[in-house]
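Here are some comments for a colleague who is opening this structure for the first time. They are best read with the structure in view.

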Amino acid sequence: MWRRLACVVVLGSCLPLAACAGPVPDDGAYRHAALQTAMAMGSDLASAQLAARLGLRGQSFPAFTDGNVTDAENDAGSVSSTFGSRQPPGSRSDALRQKMMQALSDATSALTDLRVAVRMDARAQVRKALAEVGRSLKTFNDLQQELQ
């Protein structure tokens with residue numbers, strides 16, 4: 001019994017360490033991490049946007065819309081946290097880090113606003129939040145083009 005408990009404790013303490021992203025070896029690897037982050041965030045934003053638009057048109061159930069927007073918000077938080085834990089290898093990458101962190105912050109904020117509006121069933125606020133999500137989606141599409 002104690003062996004199992006010790007094994008669970010050891011494995012449980014390893015999971016948070018595995019979830020953290022550490023330093024990257026060079027600017028190219030950092031740009032690649034930024035590109036992957038931009039792609040992931042773009043996907044989260046597009047998913048939430050689609051779900052909210054379907055909800056506004058009455059083409060999905062409120063619980064479906066809420067669940068999809070909430071999942072996108074949670075995923076976006078993980079994407080942002082993972083990128084934020086990466087150490088840029090130098091000053092050249094630090095400018096990219098600052099740009100990405102601002103865009104990630106704006107995107108997660110837009111998704112939070114969308115989730116709140118969807119849950120309140122406030123159509124005008126959903127439209128306003130969708131505009132924020134659309135701006136963030138454009139930012140991440142532009143970042144993807146820039147980083148490729």
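1. Helix H4 covers residues 91-120, and at 1.5 Å a residue its 30 residues should span 44 Å; the C-alpha atoms at its two ends are 44 Å apart, so the expected span and the span in the model agree. Please keep in mind, here and in the points below, that this is a predicted model.

2. At the far side of this helix, one residue deserves a look at its backbone: H4 is followed by Asp121, whose phi is positive, near 55°.

3. Ser91 belongs to helix H4, and with a relative accessible area of 68% this serine is exposed, because the cut-off for that class is over 50%. Although Ser91 and Asp27 are 64 residues apart along the chain, their C-alpha atoms are separated by 9.4 Å.

4. How many aromatic pairs does a search of the whole structure find? The search finds one. Its members are Tyr30 and Phe83, whose ring centres are 5.4 Å apart and whose planes make an angle of 50°, an arrangement that is classed as tilted. The pair links distant parts of the chain, since Tyr30 sits in helix H2 (residues 27-56) and Phe83 in helix H3 (residues 62-84), with their positions 53 residues apart in the numbering.

5. Are the two partners of this pair buried or exposed? Tyr30 has a relative accessibility of 0% and therefore counts as buried, the limit being under 20%. Phe83, also at 0% relative accessibility, counts as buried for the corresponding reason.

6. Helix H2 can next be followed to its contact with helix H5 (residues 123-147), where the two axes come within 9 Å and cross at roughly 155°. Because angles over 145 degrees fall in that class, H2 is described as roughly antiparallel to H5. The crossing of these two helices is left-handed, and the residues of their contact divide into 16 nonpolar, six polar and five charged.

7. How do the axes of H2 and H4 lie, and at what angle do they cross? They come within 11 Å and cross at roughly 15°, which makes H2 roughly parallel to H4, as the angle is under 35 degrees. Here, too, the crossing is left-handed as H2 passes H4.

8. Taken together, the points on H2 give a useful way into the model: this helix carries Tyr30 of the aromatic pair, runs roughly antiparallel to H5, and runs roughly parallel to H4.

Note on methods: Residues are numbered from 1 along each chain as its sequence is written. This is a predicted model: local features need pLDDT of at least 70, side-chain atom pairs count only at pLDDT 80 or more; totals for chains, interfaces and linings use all residues. Side-chain values use heavy atoms; hydrogens and water are left out. Helices (H or I, at least four residues) and strands (E, at least two) are DSSP runs, numbered from the N terminus. The expected span of a helix is 1.5 Å times one less than its number of residues. Buried means under 20% relative accessible area, exposed over 50%, partly exposed in between (1.4 Å probe, protein chains only). Rings of Phe, Tyr and Trp (its six-membered ring) pair if their centres lie within 6.5 Å; planes under 30 degrees apart count as stacked, over 60 as edge-to-face and the rest as tilted. Axes are lines fitted to C-alpha atoms, for helices over the stretch in contact, and angles run from 0 to 180 degrees between N-to-C directions. Angles under 35 degrees count as roughly parallel, over 145 as roughly antiparallel, 65 to 115 as roughly perpendicular and the rest as oblique. A crossing is left-handed if the near helix is turned anticlockwise from the far one by less than a right angle, and right-handed if clockwise. Ala, Val, Leu, Ile, Met, Phe, Trp, Tyr, Cys and Pro count as nonpolar, Asp, Glu, Lys and Arg as charged, and the others, Gly among them, as polar.
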